[in-house]
Amino acid sequence: MRWKIMCKRIGEIKRDTNETNINMEINLDGNGTNKIETNIGFFNHMLMLFSFHSGIDINLMAKGDIEVCDHHLVEDVGICLGKAINKALGEKRGIKRYATCFIPMDEALTMVSLDISGRPFLYFEGDFRRESIGNFSTEMVKEFFKAVAFNSGITLHIKVLYGENDHHKIEGIFKAFGRALKEAIEISGNNIPSSKGKI
């Protein structure tokens with residue numbers, strides 16, 4: 001039986017600080033179309049892949065003090081994405097809630113497992129050899145997903161099982177997160193998926 005989505009699951013977030021200016025809108029029930037501009041080329045690419053593999057439509061315009069470094073902009077986009085996901089999910093009625101995905105990317109294999117639990121947590125295991133890819137710092141992969149997890153209320157486990165190429169490892173993470181989230185937000189019933197009756 002295919003359950004009907006009773007209302008549009010859309011999240012719109014605006015964030016203005018002395019360091020960043022971000023406007024983001026997502027549609028959880030889209031088809032992966034996106035318009036993403038962050039002035040960080042590799043980050044744009046990863047977010048586009050996440051959008052495609054999750055099926056989530058993303059409209060993102062983000063500016064930040066990247067002349068300082070990429071930290072503020074990447075972290076704040078993560079904050080906005082997390083808040084937008086949480087807002088779009090509403091009371092989370094009918095979602096599958098749990099999902100795990102393994103993604104191979106050539107020589108690299110990555111695992112993402114998540115629970116839309118209302119209890120934010122990040123476990124991250126992955127080492128990168130390069131300091132940056134383009135103007136994207138590899139240390140910001142963990143910081144981005146920490147921001148997403150703690151602002152969406154998702155328990156998120158990420159592990160790079162093995163691999164050599166940092167581009168492949170990071171791409172695998174974003175794809176696996178997209179695929180896992182797509183499964184977890186799928187409507188499969190009409191109940192709150194918790195014995196507590198609330199997430």
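In this predicted model, the axes of helices α3 and α4 come within 11 Å and cross at roughly 15 degrees. Because angles under 35 degrees count as roughly parallel, α3 and α4 are therefore described as roughly parallel to each other, and the crossing in which α3 passes α4 is left-handed. On the α3 side, the residues that meet α4 are Val-141, Phe-144, Phe-145 and Val-148, and their partners in α4 are Ile-170, Ile-173, Phe-174 and Phe-177. The residues of this contact divide into eight nonpolar, no polar and no charged. An α-helix has 3.6 residues a turn, so residues three or four places apart point the same way.

Helix α3 itself comprises the 13 residues 140–152, which at 1.5 Å a residue should span 18 Å, and its end C-alpha atoms are indeed 18 Å apart, in agreement with that expectation. Its buried residues are Met-140, Val-141, Phe-144, Phe-145, Ala-147, Val-148, Ala-149 and Ser-152. These buried residues pack against α4 (166–184), and also against α1 (41–54), α2 (71–89), β7 (121–125), β9 (136–137) and β10 (155–162). After α3 comes Gly-153, whose phi is positive, near 75 degrees.

Strand β9, one of the elements against which α3 packs, contains Ser-137. The relative accessibility of Ser-137 is 17%, and Ser-137 therefore counts as buried, since the cut-off for a buried residue is under 20%. Leaving aside neighbours within four places in sequence, Ser-137 is in contact with Asp-70, Glu-131 and Ser-132. Ser-137 and Val-74, although 63 residues apart in sequence, are 9.4 Å apart in space, C-alpha to C-alpha.

Technical notes: Residues are numbered from 1 along each chain as its sequence is written. This is a predicted model: local features need pLDDT of at least 70, side-chain atom pairs count only at pLDDT 80 or more; totals for chains, interfaces and linings use all residues. Side-chain values use heavy atoms; hydrogens and water are left out. Helices (H or I, at least four residues) and strands (E, at least two) are DSSP runs, numbered from the N terminus. The expected span of a helix is 1.5 Å times one less than its number of residues. Buried means under 20% relative accessible area, exposed over 50%, partly exposed in between (1.4 Å probe, protein chains only). Contact means heavy atoms within 4.5 Å. Axes are lines fitted to C-alpha atoms, for helices over the stretch in contact, and angles run from 0 to 180 degrees between N-to-C directions. Angles under 35 degrees count as roughly parallel, over 145 as roughly antiparallel, 65 to 115 as roughly perpendicular and the rest as oblique. A crossing is left-handed if the near helix is turned anticlockwise from the far one by less than a right angle, and right-handed if clockwise. Ala, Val, Leu, Ile, Met, Phe, Trp, Tyr, Cys and Pro count as nonpolar, Asp, Glu, Lys and Arg as charged, and the others, Gly among them, as polar.
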